[in-house]
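Subject: Structure handover

Hi,

Here is the structure I promised to pass on. Have a look at it first, and then read on for what turned up.

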Amino acid sequence: MTASTGEVKAARRPSLAAGGALAAALLAAALCAVAVLHLTLGASGVGVGDLVAFAAGDADAGAEAVLLGSRLPRTLAGLAAGVALGVAGALIQGSTRNPLGAPDTLGVNAGAYLAVALAAYLGLGTGTLLSGGAAFLGGLTAAAIVYLLTARGVLTPGRLLLAGACVTLGGMAGAEFLQLVDEPATRGVFMWGNGTLLQSGLDRPLTIGAVILAAALLAPALARPLDVLALGDDTAESLGVRVARTRVLSWLLAVLLAAAAVTLTGPIGYVGLMAPVAVRRLGVRRHRALLPLAGLGGALLVLAGDAAARLALPPSAGFGELPVGVVTALIGGPVFVLLARRAQTGDADAGAAVAVTAPARGPRYAAVLLGGLLALAAATLVGLRIGDVDVSWGQVAASLTGAGTEETDAVVFYRLPRILVAALAGAVLAVAGAAVQSVVRNPLAEPGFLGVTAGASAGAVLLITVLPGAPAALIPVFAAAGGVLALAVVVALARDRTGLDPTRVVLVGLGVAVTLGALTNLMVVAEQMNVSAALTWMAGSTYARDTTTLGWLVLPALAAVLFALSARPVNMLALGDDLPRALGLNLGRARLLALLAGAVLAAGAAAAVGNVGFVALVAPHLARRLAGGGTARLVPVAAVLGAVLVVAADALGRTLLAPVEIPVGIMTAVLGTPYLIWLMRRTPTA
């Protein structure tokens, strides 16, 4: 038996080696061809002939200047960033045994991006060494936060990715906030935030590329422990592998590689996810071959994506630059969805993460609700008083009682409808979060993770691009339709023969949201829209909202009331699967109706104020701690808390940089991220 086993292993080695060599040859040949094509693309007219002459040392001065000044640095940046992201993705997937793991899906890219923006804002300089060190520390911090959010309770792929999505949302919002404070060019924010290969010379690509090469050469040292780790933690420990040390070293090296890529090109999404998966599809499983081939695959994806963007929207035709990160997200989103449909979410082991806690009784509940209403009234009054034009408390009171001056009335009654819109939108978003969390049974879930807000943004931008002369009243209609349609797609893709898996719904929703976000950015660039206005709307804004906008929120408000009235079946969703079925509940229909309510609520809010994040996470979670998990009591408290959060965030956004306004969506993310981290760390089931 031993001899036979040895013969089988020996027979397998040549075929495995041959498969790895064939994959390496295919990837190397494709990469060379794409790199040559990439070097010939541009508006200057330098083509293949000039490239051959340059290689032979006979290029004219103009062609040489173009190649050395822009083409070659851009190609080297794509090669370096692609290798870094591909190897980093392979390390993360191997150490977590999660094919959906990558530097961007686990928040590492966003943390590095935020740290680079913070270093620039603080005036510490933008040198390669400093920005690279800041990016590494930021990525490491993001990885630590993901660990803190998932360290207590059962670790499942779904929980890990939801934590990464929360960190990504907060990190990107923080970076956008710092860039608004520093008032950079809006298009520069758009390009850098989506990943761009534009370079000003060879210095940064060569310097950072050397760091990436050195780190990538260290990765094969972890190949054998990662191979054994694939057998499971217990088996790996019994075979002598130090599991904890292997994971820590893998993550440190992955963070270093991802930080270097972000320093060079900004956050390019989904390359670290797709490259290792594609290499495995070629038959390569062992990490000694998988790690370098994932690097080649990542470089191929980045250069091919950038080349496709420049061919589809050539600069010579007058189109704006399309960031390569938009292209990789457009491809990576569907790949993520396909992987999510096959992933084992671990829900059966994790149990119900959002349980029905004991409700607050009598006077305590009344005190909680009254306190929330008083806080909302205080936030409203403060919002009426502060802004780019200050008015006194007496002037506010006079205007509200009909005794104000014309000048004061103009200010107060200009702000009042906007504050009412913010309050109602916040309340609607909070109830939407409660609806989604009741289905997913995870407090890290929110409507934005189901693709609803991304679908609303895509619907609104589609109307603006296809029918630029359409009346403004159609924008909320298209936005709401886009949000509901996005949820329908998510539910259809997430459903399998066993029904609607709660966590798989969110994982598929994340992929759909990324795809729709990339499509929206593509429309913005292709139609040469006002990038500043488009990004402000997509970030979430209450700017210039009036009483007309309140009408857009009537239907979502009614949906919130109906959801609150359906308390019994919603409460039963938190008890798992078996007990509600035994009590006669149709789980599939109950989940679908709750998700539909969440979609209508979130799409309506997005139609009114754009993409406002974190309200749907924080408000229901805090309400659950204050009022218990019963839907009938949870919904009113969550609605009031959501209204308070959005009104307060709107007031701060109008005041901090007055007369420049910070979009309310960025403010809610900045305010919500620290609270969420603290709360998740204190909650064992989060």
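To start with a small one: is R247 buried, partly exposed or exposed? It is partly exposed, because its relative accessibility comes out at 23%, and the buried class stops under 20%. Do keep in mind that this is a predicted model.

R247 has a partner, so to speak: it makes a salt bridge with D233, with 3.0 Å between the closest N and O atoms. The two sit 14 residues apart, D233 in helix α10 (residues 233–238) and R247 in helix α11 (residues 243–265).

D233 also forms a salt bridge with R97, and here the closest N and O atoms are 2.8 Å apart. That pair ties together distant parts of the chain: R97 lies in the loop between α3 (61–96) and α4 (108–121), 136 residues from D233. As for exposure, D233 has a relative accessible area of 28%, so it is classed as partly exposed. R97 is partly exposed too, at 38% relative accessibility.

The search over the whole structure gave seven salt bridges. Another of them pairs R654 with D650, at 3.4 Å from N to O. Both belong to helix α29 (residues 631–655), and because they are four residues apart, about one helical turn separates them. Are these two buried or exposed? R654 counts as buried because its relative accessibility is 6%, and D650 counts as buried because its value is 3%. The pair is part of a network, too: salt bridges with shared partners connect R418, D650, R654 and E661.

Now for some helix packing. The axes of α18 (residues 406–440) and α24 (residues 554–565) come within 10 Å and cross at roughly 40°. That angle is why α18 counts as oblique to α24; the roughly parallel class covers angles under 35 degrees. The crossing of α18 past α24 is left-handed.

Which residues meet there? On the α18 side they are L424, V428, V431, A434, A435 and S438, and on the α24 side P556, A557, A560 and F563. Sorted by class, this contact has nine nonpolar residues, one polar residue and no charged ones.

That's what I have for now. Shout if anything looks odd when you open it.

Cheers

Definitions and conventions
Residues are numbered from 1 along each chain as its sequence is written. This is a predicted model: local features need pLDDT of at least 70, side-chain atom pairs count only at pLDDT 80 or more; totals for chains, interfaces and linings use all residues. Side-chain values use heavy atoms; hydrogens and water are left out. Axes are lines fitted to C-alpha atoms, for helices over the stretch in contact, and angles run from 0 to 180 degrees between N-to-C directions. Angles under 35 degrees count as roughly parallel, over 145 as roughly antiparallel, 65 to 115 as roughly perpendicular and the rest as oblique. A crossing is left-handed if the near helix is turned anticlockwise from the far one by less than a right angle, and right-handed if clockwise. Contact means heavy atoms within 4.5 Å. Ala, Val, Leu, Ile, Met, Phe, Trp, Tyr, Cys and Pro count as nonpolar, Asp, Glu, Lys and Arg as charged, and the others, Gly among them, as polar. A salt bridge is a side-chain nitrogen of Lys or Arg within 4 Å of a carboxyl oxygen of Asp or Glu. Buried means under 20% relative accessible area, exposed over 50%, partly exposed in between (1.4 Å probe, protein chains only).
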